Amino acid sequence: MSILFEPASLKNIKIRNRFVRSATYDGFADEGGYVSAGQRKLLTELAGGGVGLIVSGIAYVHYTGQISPFQNSIAEDRFIPGFKELTNAVHERGAKIALQLFHGGREAKYVRTKSIIPLAPSIIENDPFYRGEHREITEAEIWEIIKAFGDGAKRAKEAGFDAIQVHGAHAYLLSQFLSPYTNRRQDQWGGSLENRLRFHSEIYKDIRKKVGRDYPLFIKIGVQDGFIGGLEFNEGKQAALQMAQLGYDALEISQGLRGERYEGTEYRAHINSPNKEAYYRDWCRDIKSRIDIPIMMVGGLRTLYLMEKIIQNGEADLVSLCRPLICEPGLINEWKNNEHKKAKCISCNKCVDHMYKGKPICCIQNDPDRLP
Ligand SMILES: Cc1cc2nc3c(=O)[nH]c(=O)nc-3n(C[C@H](O)[C@H](O)[C@H](O)COP(=O)(O)O)c2cc1C
């Protein structure tokens with residue numbers, strides 16, 4: 001049997017294989033932020049399709065961090081029962097599930113519809129990759145949001161999630177704090193790497209205090225921005241190592257702020273040969289060789305033998321997939337039965353276009369009439 005189908009441990013949870021469904025916003029939450037029947041169906045299908053661990057889509061922890069009207073919320077206790085139904089359904093099919101905790105920072109453009117100006121570490125004028133209005137977050141608001149991450153984690157635990165993953169990658173608030181490009185603060189939250197990581201560290205401490213020592217906490221961390229002049233890998237790597245040292249139980253390695261679409265983003269397009277796959281492999285290998293906690297590799301993984309090699313070589317402990325599982329939720333079981341099967345996903349990014357247009361995601365290979 002391939003090593004990919006051997007069980008793995010993440011802190012105290014056992015996962016039936018090495019496959020993670022990387023966090024995927026689906027645009028299916030109902031407008032109140034509750035889990036919908038459509039989401040239950042989607043995640044039940046994924047769990048039944050053989051994936052070991054599902055990371056949910058972004059769930060906002062504080063009303064200032066909401067990015068879409070169809071996004072899940074974990075900002076209040078009333079969301080717990082809906083999530084509980086979801087975690088039960090996933091567990092019944094043998095998978096584990098983590099909730100991804102999120103704050104959009106300046107990207108939380110949806111809050112403008114409620115006359116709230118999105119928050120950011122600093123105001124950046126003439127940013128070629130971001131043009132929206134935003135204002136500098138105050139010290140008091142920083143602490144309020146840190147506390148909201150801790151409260152969100154506590155609710156996630158109560159709702160039956162096996163773990164939580166803090167979203168510290170891509171274009172969102174934690175990446176905005178870490179990147180010297182978006183963080184120009186002169187106080188204890190900006191400047192040195194230690195200061196730019198203070199937000200991450202305080203979030204960890206608040207969560208840990210509220211969920212206890214034994215509950216698995218993961219972070220998806222962006223270790224380099226997608227353009228020149230942003231966070232560089234040297235610092236991003238140090239940040240990842242510090243998160244491991246602080247106590248996070250697993251890291252998923254991704255990129256930070258986005259540059260040019262799509263090559264400067266976490267969803268690179270047209271992954272049509274193995275040499276374009278695993279586009280964060282070098283970062284993972286480097287970080288993995290310096291820490292003891294498990295690493296999840298994400299980014300363009302499509303070919304079974306390549307993933308197998310990555311795990312065998314000790315370059316990562318788990319492989320994490322997003323777009324191939326939008327296209328084929330049953331892909332993992334299919335691979336189990338036929339190692340030569342090719343993933344259907346061609347990374348055309350029509351699913352991403354759906355997301356940006358505020359529509360529920362789908363794959364046009366399965367649903368050709370639903371062009372974004
Ligand atoms: C439609 C869509 C939604 C996504 N939503 C999230 C999300 O909620 N949180 C997150 O961390 N990453 C999100 N991502 C990024 C993926 O988790 C993953 O990092 C990226 O797509 C690369 O993996 P892949 O090549 O397997 O798709 C999303 C990607 C897509 C295509």
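The exercises below deal with a predicted model and are each followed by a worked solution.

**Exercise 1. The shell around the ligand**

Find how many residues surround the ligand, and state which classes and which helices or strands they come from.

Solution. Start with the count: the ligand is surrounded by 25 residues. The closest are Ser22, Ala23, Tyr25, Cys322 and Arg323. Next, sort the shell by class: 14 of its residues are nonpolar, eight are polar and three are charged. Then look for the elements that supply at least two residues each, which are β4 (53-60), α10 (323-327) and α12 (350-356). Helix α12 gives the largest share, three residues.

**Exercise 2. The largest nonpolar core**

Identify the residues that touch the most other members of the largest nonpolar core, and list the contacts of isoleucine 253.

Solution. The largest nonpolar core holds 111 residues, and Leu251, Ile253 and Met297 touch the most other members. The helix that gives the most to this core is α3 (residues 139-158), with seven residues. Now take isoleucine 253 and set aside its neighbours within four places in sequence. What remains in contact with isoleucine 253 is Ile221, Val223, Ala240, Tyr280, Trp283, Cys284, Ile287, Ile295 and Met297. As background, nonpolar side chains tend to be buried together in soluble globular proteins.

**Exercise 3. The two sides of helix α7**

Compare the span of α7 with the expected one, then decide how its buried residues are arranged around the axis.

Solution. Helix α7 covers residues 233-246, which makes 14 residues. From first C-alpha to last, α7 reaches 19 Å, close to the 20 Å expected at 1.5 Å a residue. The buried residues of α7 are Gly236, Ala239, Ala240, Met243 and Ala244. Seen down the axis, they fall within an arc of 140°, so they line one face of α7. Asn234 and Gln245, on the other side of α7, are exposed. The partners of the buried residues are α4 (173-178), α5 (193-196), α6 (198-211), β10 (217-222), β11 (250-254) and α8. After α7 comes glycine 247, with a positive phi near 140°.

**Exercise 4. The two sides of helix α9**

Repeat the analysis for α9, naming its buried residues, its exposed residues and its packing partners.

Solution. In α9 (residues 304-312), the buried residues are Leu304, Met307 and Ile310. They lie on the same side of α9 because they cover an arc of only 125° around the axis. Tyr305 and Gln312 are exposed on the other side of α9. The elements packed against by the buried residues of α9 are α8 (281-288), β12 (295-298), β13 (318-321) and α11 (331-337). Glycine 314 follows α9 and has a positive phi, near 75°.

**Exercise 5. Two single residues**

Place leucine 99 and tyrosine 181, classify each as buried or exposed, and list their contacts.

Solution. Leucine 99 is part of strand β6 (residues 96-102). It has 29 C-beta neighbours inside 10 Å and therefore counts as buried. Beyond four places in sequence, leucine 99 touches Ser56, Ala59, Ile74, Ala156, Phe161 and Ile164. Its C-alpha atom is separated by 8.4 Å from that of valine 166, although the two are 67 residues apart along the chain.

Tyrosine 181 sits in the loop between α4 and α5. Tyrosine 181 is buried because 20 other C-beta atoms lie within 10 Å, and the cut-off for buried is 20 or more. Beyond four places in sequence, tyrosine 181 touches Asp225, Gly229, Gly230 and Leu257.

Conventions
Residues are numbered from 1 along each chain as its sequence is written. This is a predicted model: local features need pLDDT of at least 70, side-chain atom pairs count only at pLDDT 80 or more; totals for chains, interfaces and linings use all residues. A residue is near a molecule or strand if its C-beta atom, placed from the backbone, lies within 6 Å of it. Helices (H or I, at least four residues) and strands (E, at least two) are DSSP runs, numbered from the N terminus. Ala, Val, Leu, Ile, Met, Phe, Trp, Tyr, Cys and Pro count as nonpolar, Asp, Glu, Lys and Arg as charged, and the others, Gly among them, as polar. A nonpolar core is a set of buried Ala, Val, Leu, Ile, Met, Phe, Trp, Tyr and Cys residues joined through C-beta atoms within 7 Å. A residue is buried if 20 or more other C-beta atoms lie within 10 Å of its own, exposed if 12 or fewer, and partly exposed in between; C-beta atoms are placed from the backbone. Two residues are in contact if their C-beta atoms, placed from the backbone, lie within 7 Å. The arc is that of the directions from the helix axis to the C-beta atoms. The expected span of a helix is 1.5 Å times one less than its number of residues.
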